[in-house]
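Q: I'm new to this one and would like a close look at a single part: the place where the two chains meet. Could you walk me through it, and then show me a bit of the chain behind it?

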Amino acid sequence: MPTQPVDVLIIGAGASGAAIAWSLAETKMHILCLEQGDWMRPSEYPSSGRDWEARQLNDFHYSPNRRARDTDYPINDANSPIKIANFNGVGGGTVLYAGHFPRFHPSDFRVHTMDGVADDWPIDYATLAPYYDENDRMMGVSGLSGDPAYPPHEPMMAPLPLGKSGATLARGLNKLGWHWWPSDSAIASEDYEGRARCINLAHCTSGCAQGAKASTDVTYWPAAIRAGVELRTRCRVREITRHDDGMASGVIYYDADGKEQFQPAHVVILACNAIGTARILLNSNGLANSSGLVGKNLMFHPYARIAGWFDEELDGYRGPGNCIWSQEFYETDASRGFVRGYTFEFSRGQNPVMAAVHSMQIGRLPWGEDHHRAYRRLFCHRTGMVAICEDLPEEHNRVTLDPQLKDCHGIPAPKIDYTLSENSRRMLDHAVARASEILRAAGAHDVWYEAPLTDGGWHLMGTARMGIDPQRSVVNEWGRSHDVKNLFIVDGSIFVTSAGVNPTRTIQALALYVADNIKSRLATLFD
Amino acid sequence: MLSDDQRRTLRRIAEMMIPASTDYGVPSAADDAIFTDILRSFGRDEPHVMTVLRELGGFADLDPAGRQARVAQLREQHSEALKGLSSVILQCYYRDDRVMRSLGMEPRPPFPKGHEVEQGDWSLLDPVRKRPKFYREAP
């Protein structure tokens with residue numbers, strides 16, 4: 001018997017797929033989500049076992065190439081100074097993200113008008129603001145209102161503790177007269193909607209065993225499934241198929257047994273982020289690519305990591321990484337020698353193994369007799385930050401299909417070609433210099449940095465950009481493909497520019513915004 | 001499965017990297033319990049571990065100066081492999097009960113007990129609260 005068509009088929013159960021599934025559920029349409037990974041079991045997260053740090057370097061590593069679960073696919077990122085980080089499973093990247101949860105700023109949507117670079121978005125901050133609010137309620141955000149770096153908004157929970165590390169860094173920032181504020185975090189500082197409050201496991205980035213961190217497997221998905229959405233795991237989509245009239249007809253995927261299946265659908269929504277979405281489109285015979293821009297304009301956030309060591313003991317292995325941020329250098333100031341800007345995301349410290357591994361790698365921890373004395377001067381005495389630099393779109397930074405490398409189903413793997421721009425290099429240099437000043441002002445006796453951070457390809461954006469002009473964009477201003485009128489994209493690939501902040505909150509707000517557009521246009525959706 | 005020579009080499013490297021310390025009351029990384037843990041914990045670094053052991057045949061029988069020279073050579077020629085091996089040894093050493101206790105930590109995983117983090121001095125935020133908004137309004 002042929003498989004019955006579904007009304008809406010969502011590919012990917014991560015940050016955006018979960019949000020749009022939940023939002024569309026109220027329509028009572030038959031909604032199916034196909035996810036290539038598994039449901040996660042929080043009781044089996046690394047922080048529940050004595051090998052918690054080892055597992056972060058193995059089956060919970062953020063690089064799919066090292067993690068190499070059977071639910072992962074390989075990525076050829078040899079031709080990029082920044083390596084890809086992701087996670088494949090229900091919750092997607094939110095399983096491993098830190099939960100650092102800033103919004104975009106009004107200027108982020110108007111970079112061409114205000115700073116003469118790249119393109120403006122076809123939407124603005126005011127358009128997304130109600131969706132940010134709705135997403136905040138679903139995810140649960142801790143923080144503090146009144147940040148002078150942002151338009152007013154109200155986090156619903158108290159900020160995460162400042163702790164010894166945050167207070168030390170804050171004193172340094174205050175000496176310099178520079179901005180800082182408690183970070184908005186998708187981590188429950190209080191019991192919230194059935195989720196228990198954070199108990200400072202200090203291991204947010206390999207899954208939160210407590211459930212305090214808002215990964216979508218514990219936020220949106222339970223609500224979406226209660227509302228009738230069907231979620232099938234271990235289903236890897238190979239390609240989107242078309243009717244003769246050019247409309248999407250469904251997808252071909254490999255099920256949990258590795259068998260090829262066809263699932264017809266009236267509407268297809270891609271939610272696989274900027275690598276996975278581009279990969280599927282490119283593997284679908286040029287689908288939605290009359291602009292030629294699918295896979296192009298890949299943006300990361302070039303990161304710098306800067307750390308300092310202090311005489312006094314700091315938070316070390318205690319507490320969530322999230323703490324405070326600074327946006328002193330966020331908005332464009334031409335005197336700095338670059339356009340746009342960056343966020344400092346401050347972190348607390350390191351667990352014992354990572355303190356040893358990293359310190360040895362950077363030459364701070366010796367072999368032999370002096371090992372123990374040196375380690376005790378390092379462990380729990382380190383804190384610092386990352387700089388999240390805005391990356392501007394350039395067409396030569398791109399995702400293509402690798403001609404040789406394939407996943408376990410024989411689907412071509414993505415290949416990344418990326419070069420760091422001169423603007424990004426200048427921004428990274430500036431960030432390293434300012435961060436060093438902060439750490440010295442705070443009392444650090446030793447400062448180290450890495451820029452760009454090689455393993456920092458966490459934020460993936462831009463490979464199917466949104467816009468009004470079909471020749472210069474892949475989807476329109478409400479996420480529908482210009483070419484295929486029953487195909488939508490809701491993940492980071494539709495970003496026009498990257499801003500200088502973590503993207504997940506904006507990805508989810510966009511997904512809710514696209515969902516509302518679909519719901520309000522149901523009668524004319526394909527016109 | 002490692003050969004006897006490879007096991008002896010690995011134990012020598014572990015001891016060179018982290019010797020025992022009476023000052024801190026901790027064993028070396030070649031301690032029996034820790035070494036047993038190392039042997040079963042190569043994980044994704046197994047190719048790196050095997051590269052090092054292949055390059056260091058006969059290592060355990062060298063004198064101390066000879067071993068230092070071979071490690072220095074390895075650091076030049078196979079730095080990624082040595083990083084991988086070092087990571088495995090450190091992962092096992094710094095989760096040992098005796099070592100964690102010597103660092104003032106309880107020998108347990110983070111969950112479910114968690115940790116205490118002090119709130120910190122929120123009055124530090126007072127000067128920032130007084131600052132006028134500085135984000136740019138967009139047209």
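A: Let's start with the area buried between chain A and chain B, which comes to about 5600 Å² in this predicted model. Carbon and sulfur atoms give 65% of that area. On the chain A side, the residues that lose the most area to chain B are A:Arg50, A:Trp367 and A:His372, and together they account for 15% of what that side buries. If you count residues instead, the contact takes 73 from chain A and 60 from chain B.

Now for the charged and polar links. There are 6 salt bridges between chain A and chain B. One of them pairs B:Arg131 with A:Glu328, where the closest N and O atoms sit 2.7 Å apart. Between the two chains you also get 24 residue pairs in polar contact, counting pairs with both residues at pLDDT 80 or more.

Which pieces of chain A touch chain B? Several helices each supply at least two residues to that side, including α2 (52–56), α3 (64–67), α4 (111–115) and α6 (163–176). Strand β4 (181–182) does so too, along with α9 (352–361) and α10 (371–378). Sort the residues of that side by type and you have 35 nonpolar, 20 polar and 18 charged.

Step back to chain A as a whole. It has 12 helices and 16 strands. Its radius of gyration is 22 Å, close to the 24 Å that the globule rule gives for 527 residues, so chain A is as compact as a globular protein of that length. Along its principal axes, the C-alpha trace spans about 70 × 50 × 45 Å. Buried residues make up 67% of the 527 residues in chain A. Take the contacts in chain A between residues at least 6 apart in sequence, and 73% of them join residues at least 24 apart.

A good example of a covered piece is helix α1 (residues 15–24) of chain A, where 9 of the 10 residues are buried. Among those buried residues are A:Ala15, A:Gly17, A:Ile20 and A:Leu24. What lies over them? The cover includes strands β1 (6–11), β2 (31–34) and β8 (260–270), plus helices α7 (220–226) and α12 (504–520), from chain A.

Two single residues are worth a look as well. A:Ile411 sits in the loop between β13 (398–406) and β14 of chain A. Is A:Ile411 buried or exposed? It counts as buried, because its relative accessibility is 2%, and the cut-off for buried is under 20%. Leaving aside neighbours within four places in sequence, A:Ile411 is in contact with residues including A:Arg236, A:Val237, A:Tyr254, A:Arg279 and A:Leu405. By contrast, the C-alpha atoms of A:Ile411 and A:Cys204 are separated by 32 Å, with the two residues 207 apart along the chain.

Then there's A:Asp417, found in strand β14 (residues 412–417). A:Asp417 is buried too, with a relative accessible area of 9%. Its side chain makes a polar contact of 2.4 Å with the side chain of A:Asn79, and another of 3.1 Å with that of A:Lys415. Not counting residues up to four places away in sequence, A:Asp417 touches A:Asn79, A:His396, A:Asn397, A:Arg398 and A:Thr400.

Notes:
Residues are numbered from 1 along each chain as its sequence is written. Chains are lettered from A and ligands numbered from 1 in the order in which they are written. Side-chain values use heavy atoms; hydrogens and water are left out. Contact means heavy atoms within 4.5 Å. Buried area is the accessible area (1.4 Å probe) that two parts lose on being put together, summed over both. A salt bridge is a side-chain nitrogen of Lys or Arg within 4 Å of a carboxyl oxygen of Asp or Glu. A polar contact is a pair of N or O atoms within 3.5 Å; within protein, one must be able to donate a hydrogen and the other to accept it, and residues adjacent in sequence count only if both atoms are side-chain atoms. Helices (H or I, at least four residues) and strands (E, at least two) are DSSP runs, numbered from the N terminus. Ala, Val, Leu, Ile, Met, Phe, Trp, Tyr, Cys and Pro count as nonpolar, Asp, Glu, Lys and Arg as charged, and the others, Gly among them, as polar. The radius of gyration is taken over C-alpha atoms; the globule rule is 2.2 Å times the number of residues to the power 0.38. Buried means under 20% relative accessible area, exposed over 50%, partly exposed in between (1.4 Å probe, protein chains only).
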